[in-house]
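Visitor: I would like to learn how to read a helix and a sheet from coordinates. Could you take me through an example?

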Amino acid sequence: MADFVHLHVHSHFSILEAIGSIGDILDRTKELGMNSIAITDTLNMYAGIEFYEKATKAGLKPIMGMEVWIDPKGLTNPALVNTVRYPLVLLAKDFTGYKNLIQLASQARVEGYMPTPKLDYETIQTHAEGLIALSGDFRGEIAQQLLQNNPEAAQESLQWYTDTFGKDFYLELVPLLNTPDQVQANHLLMDFAQTHSIPLVVGANSHYTTPDKAQAHDIMLAIKQKTTLLNPERYSVMGEDYSLKTPEEMIRLSQEAGFPAEAIHNTVTIAESCSVEIPLNQIQLPSFDVPTKADGTTQTDDEYLRYLCEQGIPKRYPDGEPEGLRERMDYELQVIKDSGYPSYFLIVGDFITWAKNNNILVGPGRGSAAGSLVAYLVEITDLDPIYFELLFERFLNPARVSMPDIDIDFQDNKRDLVLKYVAQKYGQDHVAQICTFGTMAAKASVRDTGRALGYSYTLCDSISKLIEEKTIAKSLDANPELKARYDQEEKVQTLIDTAQILEGSIRHTSTHACAVVITKQELTAYTPLQISESGGKTSITTQYEMHAIEDLGLLKMDFLGLANLSIIESTLLLIKDHYRKEIDMSRLPLDDKEAYVLFQKGQTTGVFQFESQGMKKALMGLKPSEFNDLIAMVSLYRPGPMELIPTYIARKHGKEEVKYLHSSLEEILKPTYGIMIYQEQLMKASQAMAGF
């Protein structure tokens, strides 16, 4: 009979409340012999895409769903005190149902957000197509009305649910045998279902994967409530087993509770009824409004991009075109066209041009995008890839096509103006910042766990300071003092064991510092939305984090706010005010000897990426005399290559012989004294030595 029970409907396996990652949940699901599972976060779909992708890859059927809370007083009812709200579990039968879940999740956290997410009857009814509804546990509307001995109200409610969901409405039985209200509700619902010919289904509330994680889950609830286990008033679910259960356990519990076999079999019916296919990795770039040609005829995105490049050549190269420019431009434009990305360059070039025309300082470019000649010609970047010998293939490779990724720096005090321009151009409902998840890091999990356990600050602080590696496990291996205290002190062992279970769990959501999505259709055609608060401001963000946004094929841009650019703007204004001089940052000479003296003396406070004490010390040893020295130092000053800095300095000043592993590398590595620093050098070495 176990073969029939391969779905547990989890009305509370919320990614913000559960112990363990999605990977842990799926591993446990397979271990238990189930081939499908539903994750139904409470009024959000944070886990949606990651769950869908990982479950599919693991050979499991992902049941896309959500638990909602209905406020009978309406979507905008602000009251929390004396407000009755009812849970309802919704599962998507198909892609239409999935898209309706997105709409409902957005409505709950935008329109129904204050002071807590909720939905109303009208909104649910509007977006009910393609959804299966389960009545929820004993707190559900019909269960509550029956518990209050009001069968007439229960019958009226039933009419609304069946009018809304038809045959896809199920009364849910939950085998919580130690919860009196649930036990009574189960019996009342079974009688009610028989009287009104409504199908029953068994649901299992799960908050953690295995029973041994119950205590850790209780501690996490205490952490989120900012209280301790000693507080008798706190919310807790101890007393019941909320772990993932085997099919055999579910059958046994259902039989002990007196559930009819129909309720167990209907889990299979629901699983077989749910089949959602979400299109992934299909490019969904927004449309760019391309102007008509001078003769009034229309032109394509790639034609207009070529036109802008042609216009940019005399601006970028007033003294004449360098050799090979046209061939490289044609090659890049062809790759961009074949990849389907002309509109990407037009979109990015447009808002950067707008920013520059509106006196907003923009960084010269960073990362692999600096290797694109097209980006340079349309003034997305200000670094000449031909002069600096940068490779386009690092940015966009015809052999491995992936979405381009251009990070753009704007002065931080005017970044919001660029976001407003983009929102106005493409529509407020097409542009949003992206959600990110804050997780419990090693040190924080120790401190938070200790507080919840009621341990002294002194104990928690002393243990936290011994966590010197990225994870608690690595710290135990690396720090003998920590290991000794773990072995010898019972409290420390409890603290560390529990903190390790909680480590990496999602603690909260916030707004990504720079990531923005721009969509072709309305945002809610692809991602659920929410109101997020950050720095005292509220904004609309996605519920999907940036990797999910990218996997959906959406245009994700990084709008970075850089304080150094704001400082530069203030400096330029002061120079203009005091010396009556206007300086064009894009035309600063790179051979200014007095500027290099400042670097040689380590006088670089306020200079982006050169202001740390370690960097200043390295600069004073290097005594940079040309721009290539500065480029090399920025590249070397990071974990790993940092150990090559003394060699670079010694070779520059002739104190160490410059050596090459092979004669074919001399031309490639000569500018960096035989040291392979840049990815371009590695790629050129592959070409020279292996014929790539």
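Guide: We take one helix and then one sheet. The model is predicted, so local features need pLDDT of at least 70 and side-chain atom pairs count only at pLDDT 80 or more, while totals for chains, interfaces and linings use all residues. Residues are numbered from 1 along each chain as its sequence is written, and side-chain values use heavy atoms, with hydrogens and water left out.

Visitor: Which residues of α12 are buried?

Guide: An α-helix has 3.6 residues a turn, so residues three or four places apart point the same way. In α12 the buried residues (under 20% relative accessible area, 1.4 Å probe, protein chains only) are L325, R328, M329, E332, L333, V335, I336 and S339. Seen down the axis of α12, these fall within an arc of 160°, taken from the directions from the axis to the C-beta atoms, so they line one face of the helix. The face turned away from that side carries E327 and D338, which are exposed, meaning over 50%.

Visitor: What do the buried residues of α12 pack against?

Guide: They pack against α11 (301-316), α13 (342-357) and α14 (373-377), where contact means heavy atoms within 4.5 Å.

Visitor: In what order do the six strands form the open sheet?

Guide: Strands of a sheet pair through backbone hydrogen bonds, either parallel or antiparallel. Here the order is β7-β12-β9-β8-β11-β10, with mixed pairing, and two strands count as paired if DSSP finds at least two bridges between them. β7 (407-411) and β10 (529-534) stand at the edges with a single partner strand each, so one side of each is left without a neighbour in the sheet. Six bridges join β10 to β11 (residues 537-545) in an antiparallel run, and L529 has T542 of β11 as its bridge partner.

Terms used. Helices (H or I, at least four residues) and strands (E, at least two) are DSSP runs, numbered from the N terminus.
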